[in-house]
Amino acid sequence: PPAVAAAAAASAPAHVLLICFPGQGHVNPMLRLAKRVAAKGLLVTFSSVASVGARLVAAAGVSAGGDGVPVGRGRVRFEFLEDGDPGPDLDDLMRHLETAGPPAFAALLRRQAEEGRPVACVVVNPFLPWASDVAAGEGIPTAVLWVQSCAVFSLYYHHVHGLVEFPPEDDPAARFRLPGLPEMSAADVPSFLLPSNPFKLLADAIITQFRTIGRASWVLVNSFAELEADVVAALPGVTPRPPELIPVGPLIELQQGEEDDAVRGDLIKAADNCVEWLDAQPPRSVVYASVGSVVVLSPGEVAEMAHGLASTGRPFLWVVRLDTQPHLPAGFLDSVSGRGAVVPWSPQDRVLAHPSTACFLTHCGWNSTLETVAAGVPVVAFPQWGDQCTDARFLVEELGMGVRLRAAPAGLRREAVRDAVEAAVAGPRAGEMLASARRWSAAARAAVAPGGSSDAHVQAFVDEVAR
Ligand code: UDP
């Protein structure tokens with residue numbers, strides 16, 4: 001009867017719908033935010049473009065539509081845009097989404113209302129600037145999830161508003177300063193903002209975010225207050241005034257077993273023997289190496305990395321994408337058999353949390369950065385481009401959690417790989433770096449524990465949305 005239906009609707013939990021940019025480094029933090037919000041009692045729908053949907057169904061086993069899965073006191077469900085398929089090229093996809101995205105997203109939002117779960121808030125990923133326009137058109141308030149650091153936000157903000165001039169790239173000694181940040185050189189700036197940047201479309205997409213970001217009712221950030229206190233405190237003093245950043249991270253898997261496993265964001269199926277392999281290694285012995293989902297090492301770099309890792313004499317677990325594995329030196333896998341494992345994709349959160357893992361040779365993507373901070377694992381930082389350059393600066397020089405791996409002008413050398421790993425695991429400063437990593441790990445875990453700074457920010461967001 002109508003009265004019963006009305007009563008049920010009145011007591012239904014508020015519905016938050018997230019729309020995510022197609023990329024592993026976006027899906028992971030957005031889905032983890034979805035889980036945090038659901039755990040506090042809301043209904044959360046995670047959405048993205050059709051191609052991400054197909055990969056999540058295949059690799060993570062999620063199913064679209066329906067009631068979704070229980071997470072804490074709420075539920076997480078999935079729905080994907082019917083946007084057609086432009087193929088695998090990212091530039092093609094970006095152009096295609098400009099026209100196909102808005103009508104498909106508007107249809108998705110209307111369907112929620114028609115099916116009895118009207119959307120109370122849309123969480124947009126600012127790489128999809130049109131998504132907030134569509135939500136506004138439907139009269140739905142938006143939150144942004146910024147998936148990089150507050151430091152990077154500040155660098156972009158100052159650049160977009162013409163408030164900073166970065167030093168020339170060919171002058172490594174030249175420095176600049178921004179409020180709340182240490183003195184920096186051009187090498188610390190997200191490379192998309194420098195004249196030599198070849199990725200113009202991506203840079204435009206990032207800069208366009210600032211067109212809509214100020215209109216959001218909340219700007220949530222994957223970081224935590226204690227990690228970036230100075231820059232967060234300095235931002236309100238910048239004119240024109242940036243939006244208030246609300247740190248809700250680190251958005252990591254909380255290693256709570258079934259709850260995390262119920263919904264994972266892997267776009268590639270992780271090799272399932274990694275944890276067992278780690279179980280068989282001595283405590284704090286393994287070098288874990290990965291450059292994330294986007295960076296592609298050249299054939300020469302793959303070969304040098306292979307010889308370098310082998311020459312450490314330590315066990316290693318190395319993520320090498322399937323399309324890159326043909327560049328491994330001939331006979332390499334046999335020669336390191338037992339001691340070295342090469343996998344196309346790992347369950348990275350579990351690898352970093354494993355007691356056998358000693359250090360992480362990382363490209364310093366922001367998710368990998370926060371994950372290693374939260375796990376308390378020292379790093380060998382090997383940034384390639386984008387915000388990885390800024391993240392490496394923080395991990396190594398500000399947090400004191402590791403060393404840098406630098407390629408010589410002629411390219412990466414195996415000796416440099418070996419020496420950097422040795423410095424991080426057994427060198428004279430290794431103990432200090434491990435102690436720093438453990439201190440930051442404790443702070444990260446405290447931030448997301450019940451009542452911690454980030455947990456309180458998620459709760460406040462949930463309370464406002466549910467009101
Ligand atoms: N990741 C993973 N298995 C791997 C490599 C990466 O699960 O073998 C995850 C990692 O934990 C992180 C994400 O993929 O959450 C990569 O994001 P990040 O920002 O570090 O780098 P990107 O891939 O965006 O460059």
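In the predicted model, V319 has V343 of strand β11 as its bridge partner. This pair belongs to the parallel association of strand β10 (residues 316-319) with β11, which extends over four bridges. Both strands are part of an open sheet of six strands, arranged in the order β11-β10-β9-β12-β13-β14 with parallel pairing. At the edges of this sheet stand β11 (340-343) and β14 (402-404); each has a single partner strand, so one side of each is left without a neighbour in the sheet. On average, and with direction ignored, neighbouring strands of the six-stranded sheet are turned by 15° against each other. Helix α15 (residues 388-398) lies across β13 (379-381) and β14, and runs at about 130° to β14.

An open sheet of eight strands is also present, with the order β3-β4-β2-β1-β5-β6-β7-β8 and mixed pairing. Its edge strands are β3 (69-71) and β8, each of which pairs on one side only. From one strand to the next, the twist averages 30°. Within this sheet, six bridges connect strand β1 (residues 15-20) with strand β2 (residues 43-48) in the parallel sense. V16 is placed opposite V44 of β2 in this pairing.

Two helices that pack on the eight-stranded sheet may be described together with these strands. Helix α3 (residues 50-60) touches β1, β2 and β4 (74-80), and its direction makes about 125° with that of β4. Helix α4 (residues 90-114) touches β1, β2, β4 and β5 (119-124), and its direction makes about 165° with that of β1.

Helix α4 also packs against helix α5 (residues 129-137), at an angle of about 35° and with the two axes 9 Å apart. The crossing of α4 past α5 is right-handed. On the α4 side, the contact is formed by E98, G101, P102, F105 and A106, which meet W130, A131, V134 and G137 of α5. Classified by residue type, this contact comprises six nonpolar, two polar and one charged residues.

Further along the eight-stranded sheet, strand β6 (residues 142-146) and strand β7 (residues 218-221) run parallel and are joined by four bridges. In this pairing, A143 stands opposite W218 of β7. Strand β7 is in turn joined to strand β8 (residues 245-247) by three bridges, again in a parallel arrangement. Here V221 of β7 faces P247 of β8 across the pairing. The chain passes from β7 to β8 through helix α8 (residues 229-234), forming a β-α-β crossover that is right-handed.

Backbone geometry was examined next. Most residues other than glycine have a negative phi, and most peptide bonds are trans. Against this background, a cis peptide bond joins T239 and P240, with omega of about -5°. P240 is located in the loop between α8 and β8. A cis peptide bond also links G249 to P250, where omega is about 0°. The position of P250 is in the loop between β8 and α9 (258-262). R284, although not a glycine, has a positive phi of about 45°. This residue, R284, is found in the loop between α10 (274-279) and β9 (286-290).

The surroundings of the ligand were also analysed. The ligand is surrounded by 18 residues, of which the closest are G25, G292, Q348, G365 and S368. The elements that contribute two or more residues to this shell are α2 (24-39), α13 (348-353) and α14 (366-375). Helix α14 supplies the largest share, with four residues. In terms of residue class, the shell around the ligand consists of four nonpolar, twelve polar and two charged residues.

Key: Residues numbered from 1 in each chain as written. Predicted model: local features only at pLDDT ≥ 70, side-chain atom pairs only at ≥ 80, totals over all residues. Pairing = 2+ DSSP bridges. Right-handed = clockwise from strand over helix to strand, strands pointing away. Axes fitted to C-alpha atoms, helices over the stretch in contact; angles between N-to-C directions. Contact = placed C-beta atoms within 7 Å. Near = placed C-beta within 6 Å. Nonpolar A, V, L, I, M, F, W, Y, C, P; charged D, E, K, R; others polar. Left-handed = near helix turned anticlockwise from the far one by under 90°.
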